[in-house]
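Student: I'm new to this structure and would rather see one part well than everything at a glance. Could you pick a spot, look at it closely, and then show me how it ties in with what lies around it?

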Amino acid sequence: MGEMSWVESSGRITVPGTIPIVPVGKAEQHGLHIAMNTDVIVPREITLEVARRINGIIAPTITYGYKSIERRGGGNPFSGTTGLDGNTLICLVRDIWREVARRGARRFLLCIHPLISSREP
């Protein structure tokens, strides 16, 4: 979707059975050995395959996610790690859904990574 003109995107969303997919990742530290956008790349790549299988159209990736959990080795103390409050992320996704629904989409899919529980092990 992000690489289409608005005319192409509009025509594609209104095709019956087309499902808009929004990849959601988070740029954050992963130690000294991996790029900070790893959790952005993974859902984007998964979304490419899912889109092929279900007649999906991929929206631009959301590159900010919920806050990292410091007790699990992540967190905002590391440079480049920027997390959103849960409510902010929910509002962002809700607004995106409203917009694609307004343009004719009736279903919507999020591809979120990483799937991390906030519960203690």
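Tutor: Let's start at Glu28, which sits in the loop between β1 and α2. Helices here are DSSP runs of H or I with at least four residues, strands are runs of E with at least two, and both are numbered from the N terminus. What you're looking at is a predicted model, where local features need pLDDT of at least 70 and side-chain atom pairs count only at pLDDT 80 or more, while totals for chains, interfaces and linings use all residues. Residues are numbered from 1 along each chain as its sequence is written, and side-chain values use heavy atoms, with hydrogens and water left out.

So is Glu28 buried or exposed? Glu28 is buried, with a relative accessible area of 10%. Buried means under 20% relative accessible area, exposed means over 50%, and partly exposed is in between, using a 1.4 Å probe and protein chains only. Glu28 also has a partner from far along the chain: Thr82 is 54 residues apart from Glu28 in sequence, yet their C-alpha atoms are 6.7 Å apart in space.

Now step from that loop into α2 (38-54). The 17 residues of α2 should span 24 Å at 1.5 Å a residue, and the end C-alpha atoms of α2 are 25 Å apart, which agrees. (The expected span is 1.5 Å times one less than the number of residues.) Which residues of α2 are buried? They are Asp39, Val40, Pro43, Thr47 and Ala51. Looking down the axis of α2, you'd find these buried residues within an arc of 100°, so they line one face of the helix. That arc is taken from the directions that run from the helix axis to the C-beta atoms. Arg52 and Arg53, on the other side of α2, are exposed. The cover over the buried residues of α2 includes β1, β2 and β3; contact here means heavy atoms within 4.5 Å.

Right after α2 comes Asn55, in the loop between α2 and β2 (56-58). Phi of Asn55 is near 60°, a positive value in a residue other than glycine. For background, most residues other than glycine have a negative phi. Asn55 is partly exposed, with a relative accessible area of 32%.

Asn55 also leads us to the loop before β1. The side chain of Asn55 makes a polar contact of 3.4 Å with the side chain of Thr18. A polar contact is a pair of N or O atoms within 3.5 Å; within protein, one must be able to donate a hydrogen and the other to accept it, and residues adjacent in sequence count only if both atoms are side-chain atoms. Thr18 lies in the loop between α1 (6-13) and β1 (19-24), and Thr18 is buried, with a relative accessible area of 5%. Leaving aside residues up to four places away in sequence, Thr18 touches Arg12, Ile13, Asn55 and Ile57.

Follow β1 inward and you reach the largest nonpolar core, whose seven residues are Val22, Val24, Ala59, Ile62, Leu84, Leu89 and Val93. Such a core is a set of buried Ala, Val, Leu, Ile, Met, Phe, Trp, Tyr and Cys residues joined through side-chain atoms within 4.5 Å. β1 and α3 (86-102) each supply at least two residues of this core. Leu89 touches Val24, Ile62, Tyr64, Gly65, Tyr66 and Leu84, again not counting residues up to four places away in sequence.

That brings us to α3. Its end C-alpha atoms are 24 Å apart, which agrees with the 24 Å expected for 17 residues at 1.5 Å a residue. In α3, Leu89, Val93, Val100 and Ala101 are buried. Down the axis of α3, the buried residues fall within an arc of 100°, so they line one face of the helix. Asn87 and Arg102 are exposed on the other side of α3. The cover over the buried residues of α3 includes α1, β1 and β3 (109-112). Thr88 of α3 is partly exposed at 41% relative accessible area.

Stepping back, the protein chain has three helices and three strands, running α-β-α-β-α-β from the N terminus on. Of its 121 residues, 31% count as buried.

Methods:
The expected span of a helix is 1.5 Å times one less than its number of residues.
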